[in-house]
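Me: I've got a new model open and want to walk through it. Can you take some quick questions?

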Amino acid sequence: MMTPMKHFFSAFFLVTTLLCTTPGTAMGCPEVIQYLDPNCDGKIRLMITGDSIVRGIGDKKELGYPGRLQELYGDSPFRALNIGVPGATPQVLRRAFIRNIDRGRQTTRFTEDIDYGLIQIGTNNYWSGEKPFQVVMQIYRLKKYLERALEERNGTRPVLFTATVPYTERDYQNPFISELNRELLRKKGLNVLVRFDRIPVSRLKIEDTLHPSGGGYRKMARIAKRGLKRIQRRTTKLFTDGDSDGVYDQAEVGRFLTDPEDSDSDDDLLSDGEELLTYKTNPNNADTDGDEVDDRTEILNGTDPSSAESF
Ligand SMILES: [Ca+2]
Ligand SMILES: [Ca+2]
Ligand SMILES: [Ca+2]
Ligand SMILES: [Ca+2]
């Protein structure tokens with residue numbers, strides 16, 4: 001018969017064993033400055049795209065809110081990339097991306113290894129005459145295009161989310177913006193988690209009836225930061241680690257070319273996660289440096305598994 005103490009330990013053992021062997025949720029790529037890192041490269045890259053309000057017109061420091069957001073993170077593995085095109089509508093922006101991404105032009109550098117993307121656009125459609133629901137469809141198409149094109153190019157799918165449009169000092173334009181925001185919030189699949197419509201116009205410190213000042217963009221940066229936290233909570237379950245080796249399935253398939261269903265793709269008794277994240281050895285080659293001593297033996301012996309001079 002078991003003593004109560006033994007009982008406790010066996011129950012404890014059972015629970016911890018179950019926790020450690022439940023596939024898919026318990027593990028995954030290491031977080032970077034408290035953010036999930038969908039492509040598992042140790043950096044967080046957030047692309048922000050839209051019109052002149054993204055570009056940062058009106059900001060004396062010419063940073064806009066992407067640059068102000070970058071300032072909040074200082075010197076860290078976080079990068080906020082500004083792809084704001086003054087005057088753009090979602091349709092214009094989508095065509096520009098198609099030209100750039102498909103033909104490998106300069107935007108390619110900006111969209112490389114993107115983890116997250118924030119879309120904020122629609123203000124200029126006031127002048128082009130579409131109804132707000134049609135503008136929302138354009139934004140939806142832009143988001144779908146970017147998801148697919150960036151996944152094709154980078155191997156891993158970025159997590160995209162959308163912002164509502166801030167109000168301006170142009171009272172005649174605000175009913176349009178108000179309806180556009182209502183439609184944005186109703187549309188499924190846009191992940192509208194950044195609420196610029198909640199900022200009172202007075203806090204944006206608008207100087208030219210449309211564009212915020214540096215102070216206004218700083219305020220927008222803080223709200224964008226909160227949105228980035230929210231989008232992760234919402235998408236955690238997208239990132240699975242089926243073989244619990246510490247690397248997300250999508251990063252294994254699209255980036256590292258390891259087997260997402262085998263925690264040790266090259267059978268050298270080091271898991272893919274240990275090789276990629278800790279030892280920086282090749283997870284697809286049991287003898288990374290080709291000196292005929294396998295990676296695990298080199299690590300146990302204290303020699304360098306990445307240098308054929310050391311074995
Ligand atoms: Ca990353
Ligand atoms: Ca995995
Ligand atoms: Ca291995
Ligand atoms: Ca070796």
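Me: What spacing do the donors of the calcium ion (ligand 2) follow along the chain?
Reply: D-x1-D-x1-D-x1-V-x4-E. Keep in mind that this is a predicted model.

Me: Which residues are the protein donors there?
Reply: Asp-241, Asp-243 and Asp-245 each give an OD atom. Val-247 uses its O, and Glu-252 its OE. They lie 2.1 to 2.4 Å from the ion.

Me: Asp-241 and Asp-243, buried or exposed?
Reply: Asp-241 is buried, and Asp-243 is too.

Me: What about the calcium ion (ligand 4), what coordinates that?
Reply: Asp-287 (OD), Asp-289 (OD), Asp-291 (OD), Val-293 (O) and Glu-298 (OE), at 2.1 to 2.3 Å. The spacing of these donor residues reads D-x1-D-x1-D-x1-V-x4-E.

Me: Where do Asp-287 and Glu-298 sit?
Reply: Asp-287 is in the loop between α12 (272-279) and α13 (295-301), and Glu-298 is in helix α13, so the pair ties together parts 11 residues apart in sequence. Both residues are buried.

Me: Switching to pockets. What volume does the largest one have?
Reply: About 310 Å³. Its lining has 16 residues. Nearest the centre are Arg-157, Val-159, Thr-235, Leu-238 and Phe-239.

Me: And how does the lining divide by residue type?
Reply: Six nonpolar, four polar and six charged.

Me: Which helices and strands supply at least two residues of that lining?
Reply: α7 (132-154), β4 (159-163), α10 (214-235) and α11 (249-256).

Me: Back to Thr-235. Where is it found?
Reply: In helix α10.

Me: Why does Thr-235 count as buried?
Reply: Because its relative accessibility is 6%, and the cut-off for buried is under 20%.

Me: How far is Thr-235 from Val-159, C-alpha to C-alpha?
Reply: 7.9 Å. Along the chain they are 76 residues apart.

Me: Now the largest nonpolar core. Which residues touch the most other members?
Reply: Leu-46, Tyr-65, Phe-78, Tyr-116, Leu-118, Phe-196 and Leu-228, out of 40 residues in that core. α10 gives the largest share, seven residues.

Me: What is Leu-118 in contact with, beyond its neighbours within four places in sequence?
Reply: Among others, Leu-46, Met-47, Ile-48, Thr-49 and Tyr-65. The list also includes Phe-161, Thr-162, Ala-163, Val-194 and Ala-224.

Me: What does the second core include?
Reply: Ile-121, Val-135, Leu-160 and Leu-190 are among its 27 residues. It is separate.

Me: Tyr-65 is in α3, right? How many residues of that helix are buried?
Reply: Yes, Tyr-65 is in α3, and is one of its buried residues. Helix α3 (residues 64-73) is mostly covered, with eight of its 10 residues buried. Among them are Gly-64, Pro-66, Leu-69 and Tyr-73.

Me: What covers them?
Reply: The cover for the buried residues of α3 includes β1 (44-50), α2 (52-55), β2 (78-84), β3 (116-120) and α10.

Me: And which residue follows α3?
Reply: Gly-74, with a positive phi near 55°.

Me: Last one, the whole protein. How many helices and strands?
Reply: 13 helices and five strands. The C-alpha trace spans about 75 × 55 × 35 Å along its principal axes. Of the 311 residues, 50% count as buried. Among contacts with a separation of 6 or more, 66% are between residues 24 or more positions apart.

Methods
Residues are numbered from 1 along each chain as its sequence is written. Chains are lettered from A and ligands numbered from 1 in the order in which they are written. This is a predicted model: local features need pLDDT of at least 70, side-chain atom pairs count only at pLDDT 80 or more; totals for chains, interfaces and linings use all residues. Side-chain values use heavy atoms; hydrogens and water are left out. Donors are N, O and S atoms within 2.8 Å of the metal (3.2 Å for Na, K and Ca); water is not among the atoms, so sites may look incomplete. Buried means under 20% relative accessible area, exposed over 50%, partly exposed in between (1.4 Å probe, protein chains only). On a 1 Å grid over the protein atoms alone, a cavity is a set of points where a 1.4 Å probe fits but cannot get out, and a pocket is an open set with protein on both sides within 12 Å along at least five of seven lines; lining residues have an atom within 4 Å of a point. Grid points are joined across faces, edges and corners, and a volume is the space filled by probe spheres set on the points. Helices (H or I, at least four residues) and strands (E, at least two) are DSSP runs, numbered from the N terminus. Ala, Val, Leu, Ile, Met, Phe, Trp, Tyr, Cys and Pro count as nonpolar, Asp, Glu, Lys and Arg as charged, and the others, Gly among them, as polar. A nonpolar core is a set of buried Ala, Val, Leu, Ile, Met, Phe, Trp, Tyr and Cys residues joined through side-chain atoms within 4.5 Å. Contact means heavy atoms within 4.5 Å.
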